[in-house]
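Open the model in your viewer and keep the sequence panel beside it. Each stop below says what to select and what to look for.

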Amino acid sequence: MRILLTGMCGFVGSVVARVLREWLTGVELVGLDNLVRPGSEINRQRLREAGFRLLHGDIRLPSDLEGLPPCDWIIDAAANPSVLAGVDGKTGARQLLEHNLVGTLNLLELARRWNAGFILLGTSRVYSIAALCALPLREQANRFVPDPNAGADGLTPAGITETFSTTPPLSLYGSAKLASEVLALEYGAAFGLPVFINRCGVMAGAEQFGKADQGIVSFWIRAYAARRPLRYIGFGGSGRQVRDCLHPADLVPLLVAQMNAGQDAGLPRVVNVGGGMDSSFSLAELSAWCADRFGPHEVTADLTPRPFDVGWLVLDASLARTRYDWRPTYTREAIFAEIAEHARQHPEWLRLSED
């Protein structure tokens, strides 16, 4: 079996590649990356030294895909990962859509030509911002928690399920990813291809190049350790906004299960993939963890709300657990500690993230 992994030189792609090879002996992995993100060259060198086959190409350009060897599966980990993309003055809306929607279309055409299976690494940001912001939240210590009497569709004590509203506004980023989901499922139905959508929560781990708008866990821990300025943005400047985190290595058992399942009609095609309540954290709680590890450091308050931020978003991954026997193995504390140790060994990483 041969697998094409797009975005292999990104954080998620590079981790998935290394772990996937441990799980699937005798499988050929072909990596594709346009190498435009900070850190891509570092990951490319490491992957090549590890013996991976890595090709330079851009999924936005059909001509870059023409010479690829036919594969049995495509795992799409290539995307602009910032929820602010298209409105931040750094990336145009058309650029974002070309990365996150047109690129998916080009890969789906490739899958159709090869008769290959397709797995899209999606995002939790396909869930409606309006519906998330409408959840009644109350303060509990250093975090927000939903009112247990909220009664919102798709909300359980374990988090947001796949049935939660995806009605816009979602952000341009979220809308592009949701449109990619629809396209992928339609291609699967029209051409008889096995297609799976994994709506991932906040990815975090040691080698992530973090910024304030993407890779927040890595950015926060590294910036705290380096005594760089940090701000709690919006939500009263309290840092009580909550997300859950997931190590990309934990994606691999699910990817293997989905490839083994193939066209099994009894399995769900769209699942949440997150750490859930056990790995949830607020920024204030993350700061407290950093203070225990590195000593005190002031975090200032910025009351100005930022577009597309939400006060609480935790994924209920029960569907993946019950139908694919999947569960994350990395705890929140293990992820934090892994990043902190990497920050100690590589203090230059924060600067590389900004290049």
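Start by selecting Lys177, which is buried but has no salt bridge. The nearest side chain of opposite charge belongs to Asp76, 5.6 Å away. A salt bridge needs the side-chain nitrogen within 4 Å of a carboxyl oxygen, so Asp76 does not form one with Lys177. Bear in mind throughout that this is a predicted model.

Stay with Lys177 and colour helix H6, residues 172-191, which contains this lysine. What lies 3.3 Å from a polar atom of the Lys177 side chain? It is the backbone oxygen of Leu121. Now show the surroundings: leaving out residues up to four places away in sequence, Lys177 touches Ala79, Asn100, Leu120, Leu121, Gly122, Thr123 and Val126.

**Salt bridges**

The structure holds 18 salt bridges. Side chains of opposite charge can pair when their charged atoms come close. The next stops visit some of these pairs.

Select Arg44 and Glu41, which form a salt bridge with their closest N and O atoms 2.8 Å apart. Both are in helix H2, residues 40-49, and because they are three residues apart, about one helical turn separates them. Glu41 is partly exposed, at 43% relative accessible area.

Move to helix H11 and select Arg344 and Glu341, again three residues apart, about one turn of the helix. Their side chains meet in a salt bridge of 2.5 Å, N to O. Is each partner buried or exposed? Arg344 counts as exposed, with a relative accessibility of 57%, while Glu341 is partly exposed, at 26%.

Now select Glu285 and Arg143, another salt bridge, in which the closest N and O atoms are 2.9 Å apart. This pair links distant parts of the chain: Glu285 sits in helix H9 (residues 283-294), Arg143 in strand S7 (residues 143-146), and their positions lie 142 residues apart in sequence. Glu285 is partly exposed, with a relative accessible area of 23%. Arg143, at 11% relative accessibility, falls under the 20% limit and therefore counts as buried.

**A pocket**

Rolling a probe the size of a water molecule over the atoms shows where empty space is left. To find the second largest pocket, select Gly274, Gly275, Gly276, Asp278 and Pro328, the lining residues that lie nearest its centre. In total, 20 residues line this pocket, and about 290 Å³ of space lies in it. Which helices each supply at least two residues of the lining? They are helix H10 (318-324) and helix H11 (332-345).

**A mostly covered helix**

Select helix H8, residues 252-261, where seven of the ten residues are buried. The buried ones are Val252, Leu254, Leu255, Val256, Gln258, Met259 and Ala261. Then step to Gly262, which follows H8 and has a positive phi, near 55°.

**Last stop: Asp64**

Finish at Asp64 in helix H3, residues 62-65. Asp64 is partly exposed, with a relative accessible area of 30%. Its side chain reaches the backbone nitrogen of Asp58 at 2.9 Å. Asp64 touches Gly57 and Asp58, again without counting residues up to four places away in sequence. For a final distance, pick the C-alpha atoms of Asp64 and Gly103: they are 11 Å apart in space, and the two residues are 39 apart in sequence.

Key:
Residues are numbered from 1 along each chain as its sequence is written. This is a predicted model: local features need pLDDT of at least 70, side-chain atom pairs count only at pLDDT 80 or more; totals for chains, interfaces and linings use all residues. Side-chain values use heavy atoms; hydrogens and water are left out. Helices (H or I, at least four residues) and strands (E, at least two) are DSSP runs, numbered from the N terminus. Buried means under 20% relative accessible area, exposed over 50%, partly exposed in between (1.4 Å probe, protein chains only). Lys and Arg count as positive and Asp and Glu as negative; His and the chain ends are not counted. A polar contact is a pair of N or O atoms within 3.5 Å; within protein, one must be able to donate a hydrogen and the other to accept it, and residues adjacent in sequence count only if both atoms are side-chain atoms. Contact means heavy atoms within 4.5 Å. On a 1 Å grid over the protein atoms alone, a cavity is a set of points where a 1.4 Å probe fits but cannot get out, and a pocket is an open set with protein on both sides within 12 Å along at least five of seven lines; lining residues have an atom within 4 Å of a point. Grid points are joined across faces, edges and corners, and a volume is the space filled by probe spheres set on the points.
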